[in-house]
Structures are given as C-alpha cells and as structure tokens.
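Subject: the structure we talked about

Hi,

Here is the structure I promised to pass on. Have a look at it first, and my notes follow underneath.

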Amino acid sequence: MNLKVFSASGEIVFSDDPNEIGDINQRRYFHDIVAKGKVYAEVVPKDKESLEGRKLTSDVLETYVPLMNDGRFLGLLKSITISLDRRKQLNRLLSQSSTITFMLHQGF
C-alpha cells in the first residue's frame with residue numbers, strides 16, 4: 001500500500017515512506033494529465049515497474065487524483081495502491097456467498 005501527496009511542482013510533500021519526501025515526480029502522467037485536472041489510473045501487472053519506477057510483486061491499480069481549487073492545480077494525491085490479487089479473491093468469495101445464499105433461499 002502506498003499513499004503520497006505531491007505539490008504542484010511534483011515534489012513529494014507526504015509519503016508513507018519518509019525517504020521519498022522531497023523527491024520530484026517528472027513523469028508524463030503527472031505533468032500532462034493530472035496537472036491538467038484529470039484523474040489518472042493504470043493497472044500495472046506483477047513483475048513490471050510501477051508508474052514511479054518500482055518493481056511490483058503483484059498486480060496493482062495505481063490511482064492519481066488532482067487536487068484543484070477554482071480550476072487551479074494545487075498538487076496530486078496518489079491513492080493507496082490496491083492489490084488486484086486480493087480484490088479477485090474477495091470478488092470470488094462474494095460470488096460464492098451470493099450463489100450459496102440464492103440456493104438456500106430457493107431450497108426454503
């Protein structure tokens with residue numbers, strides 16, 4: 001899991017990893033998409049690099065949300081990275097639970 005807040009210039013001003021504070025994000029999605037007020041999200045597969053260059057150990061969804069005020073870009077919030085492996089397991093469990101509940105309902 002990962003949570004970061006970036007300033008409008010791309011500087012990390014908050015991170016759950018204190019060693020990252022002060023680093024500058026110069027990636028395309030930051031300046032060309034999010035800084036223009038659009039949310040950016042991408043599924044990154046296991047063993048590939050994240051949008052910020054980290055090698056991933058599971059499939060994840062990375063989401064970047066612009067922080068805006070009166071149309072002015074103030075910074076960016078990188079939301080918690082969600083493991084899609086766990087999400088798939090949860091969806092499978094919910095589906096099985098729904099099926100069992102439906103079958104029991106029909107039986108009664």
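Let me start with alanine 41, which counts as partly exposed because its relative accessibility is 44%. Keep in mind throughout that this is a predicted model.

You'll find alanine 41 in strand β3. Leaving out residues up to four places away in sequence, alanine 41 touches Leu61, Glu62 and Thr63. There is also a pair you can check on screen: alanine 41 and valine 65 sit 24 residues apart in sequence, and their C-alpha atoms are 8.6 Å apart in space.

Now take one of those contacts, threonine 63, which belongs to strand β4. Is threonine 63 buried or exposed? Threonine 63 has 18% relative accessibility, so it counts as buried, the cut-off for buried being under 20%. Setting aside its neighbours within four places in sequence, threonine 63 is in contact with Val39, Tyr40 and Ala41, and also with Leu77, Lys78 and Ser79.

Next, the inside. The largest nonpolar core has 14 residues, and the ones that touch the most other members are Tyr29, Phe30, Val34, Tyr40, Leu51, Tyr64 and Leu76. Four elements each give two or more residues to this core: α1 (28-33), β3 (40-44), β4 (60-69) and β5 (72-78). Which of them gives the largest share? That is α1, with three residues.

If you want one residue to click on in there, try tyrosine 64. Not counting residues up to four places away in sequence, tyrosine 64 touches Tyr29, Val34, Lys38, Val39, Tyr40, Leu51, Glu52, Leu76, Leu77 and Lys78.

Over at the start of the chain, strand β1 (residues 4-7) pairs with strand β2 (residues 12-15) in the antiparallel sense, over three bridges. For one of the bridge pairs, look at phenylalanine 6, whose partner in β2 is isoleucine 12. The two strands make a hairpin with four residues between them, and in the turn glycine 10 has a positive phi of about 100 degrees.

One last thing, on the surface: Leu3, Val13 and Phe14 make a nonpolar patch of about 240 Å². Leucine 3 is in the segment before β1. Leucine 3 counts as partly exposed because its relative accessibility is 31%.

That's what I have so far. Shout if anything is unclear.

Cheers

Notes. Residues numbered from 1 in each chain as written. Predicted model: local features only at pLDDT ≥ 70, side-chain atom pairs only at ≥ 80, totals over all residues. Heavy atoms only, no water. Core = buried A, V, L, I, M, F, W, Y, C linked by side-chain atoms within 4.5 Å. Buried < 20%, exposed > 50% of the residue type's maximum accessible area, 1.4 Å probe, protein only. Contact = heavy atoms within 4.5 Å. Pairing = 2+ DSSP bridges. Patch = residues over 30% accessible without salt bridge, like charges linked within 9 Å, V, L, I, M, F, W, Y side chains within 5 Å. Areas by Shrake-Rupley, 256 points an atom, 1.4 Å probe, with all protein chains shown as cover. Salt bridge = Lys/Arg side-chain N within 4 Å of Asp/Glu carboxyl O.
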